[in-house]
Amino acid sequence: MLVSAEEMLKKAKAGKYAVGQFNINNLEWTKSILLTAQELNSPVILGVSEGAGKYMTGFKTVAAMVDAMVDSLGITVPVALHLDHGSYEGAKACIEAGFSSIMFDGSHYPIEENVAKTKELVAICKEKGLSLEAEVGSIGGEEDGVIGAGECADPDECKAVADLGVTMLAAGIGNIHGKYPENWAGLSFETLDAIQQKTGDMPLVLHGGTGIPEDMIKKAISLGVAKINVNTECQLSFADATRKYIEAGKDLEGKGFDPRKLLAPGAEAIKATVKEKMELFGSVGKA
């Protein structure tokens with residue numbers, strides 16, 4: 001059974017660890033992440049971008065697949081199915097499709113419009129028992145066409161959105177999606193600390209978890225980050241393992257690649273990546 005992310009994130013913030021959000025793109029990714037979470041007794045959040053949702057033929061398909069897989073695999077750890085960087089329309093579609101957690105990314109709107117749209121979604125999510133993530137200050141890089149330079153959020157704007165009753169808040173602190181450039185200035189812990197001072201017990205979210213040094217991850221957790229998103233690192237490990245399998249020429253004696261065997265090395269690589277991140281975030285054994 002899918003659950004809201006609210007309880008797992010409250011526990012994480014109080015316990016000074018973070019729950020990992022790992023984006024899914026197909027059955028193999030989903031299965032790998034769920035089995036790893038169960039093995040490590042860790043709560044987990046499955047992230048779905050709008051692009052990935054379309055690729056998997058729609059949000060209803062995704063919700064049905066994940067819900068059935070949780071049941072079929074005997075998964076007992078808390079699992080939230082979360083829309084990642086959702087539009088206003090996408091958020092409403094995922095609510096109807098059966099997602100248990102929603103992110104509305106209104107960071108590209110003027111703050112007044114971001115507040116108005118977030119406030120409406122807060123009411124809907126509370127009525128249905130879903131968790132809601134909001135964003136202030138766009139995250140650098142590109143996510144489904146939303147491009148941000150990695151600016152730092154205004155702590156007062158963060159408080160204004162947090163006070164609407166959202167479950168968690170993603171605030172830009174210099175983080176970016178994708179690989180970090182060599183000249184990256186690093187996370188602004190001064191901004192993060194100021195945001196936590198304004199938002200109190202609100203669990204904070206760190207997007208762009210791939211490539212952030214371990215010491216920065218741990219410091220961010222100490223300053224209120226309770227959810228960390230990882231996508232690029234899984235993509236890279238999956239692609240590298242699959243490439244090596246193909247280059248090894250294991251084509252079943254010229255009969256063509258068995259898709260199940262072709263995807264198996266990538267799935268194992270994702271398991272290893274997820275395990276490494278869960279250990280770093282401190283969520284192992286916290287289900």
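Below are questions and answers on the fold, core and selected residues of this predicted model.

User: What kind of model is this, and how are residues numbered?
Analyst: The model is predicted: local features need pLDDT of at least 70, side-chain atom pairs count only at pLDDT 80 or more, and totals for chains, interfaces and linings use all residues. Side-chain values use heavy atoms, without hydrogens and water, and residues are numbered from 1 along each chain as its sequence is written.

User: How many helices and strands are in the chain, and what is its radius of gyration?
Analyst: Helices (H or I, at least four residues) and strands (E, at least two) are DSSP runs, numbered from the N terminus. The chain has 11 helices and 10 strands. The globule rule, 2.2 Å times the number of residues to the power 0.38, gives 19 Å for 287 residues. The chain is close to that, so it is as compact as a globular protein of that length, with a radius of gyration (over C-alpha atoms) of 18 Å.

User: What percentage of the residues is buried?
Analyst: Buried means under 20% relative accessible area, exposed over 50%, and partly exposed in between (1.4 Å probe, protein chains only). Of the 287 residues in the chain, the buried share is 56%.

User: Which helix gives the largest share of the largest nonpolar core?
Analyst: A nonpolar core is a set of buried Ala, Val, Leu, Ile, Met, Phe, Trp, Tyr and Cys residues joined through side-chain atoms within 4.5 Å. The largest one holds 73 residues, and Phe99 is among those that touch the most other members. Its largest share, seven residues, comes from helix α4 (residues 59-72).

User: Which residues does Ser32 contact beyond four places in sequence?
Analyst: Ser32 sits in helix α2 (residues 27-40). Its relative accessible area is 2%, so Ser32 is buried. Contact means heavy atoms within 4.5 Å. Leaving aside neighbours within four places in sequence, Ser32 is in contact with Ala267, Ile270 and Lys271.

User: Is Asn41 buried or partly exposed?
Analyst: Asn41 lies in the loop between α2 and β2 (44-49). Its phi is near 55°, a positive value in a residue other than glycine. With a relative accessible area of 37%, Asn41 is partly exposed.

User: Is His85 buried or exposed?
Analyst: His85 is in the loop between β3 (79-84) and α5 (88-97). His85 is not a glycine, yet has a positive phi of about 50°. Its relative accessibility is 6%, so His85 counts as buried.
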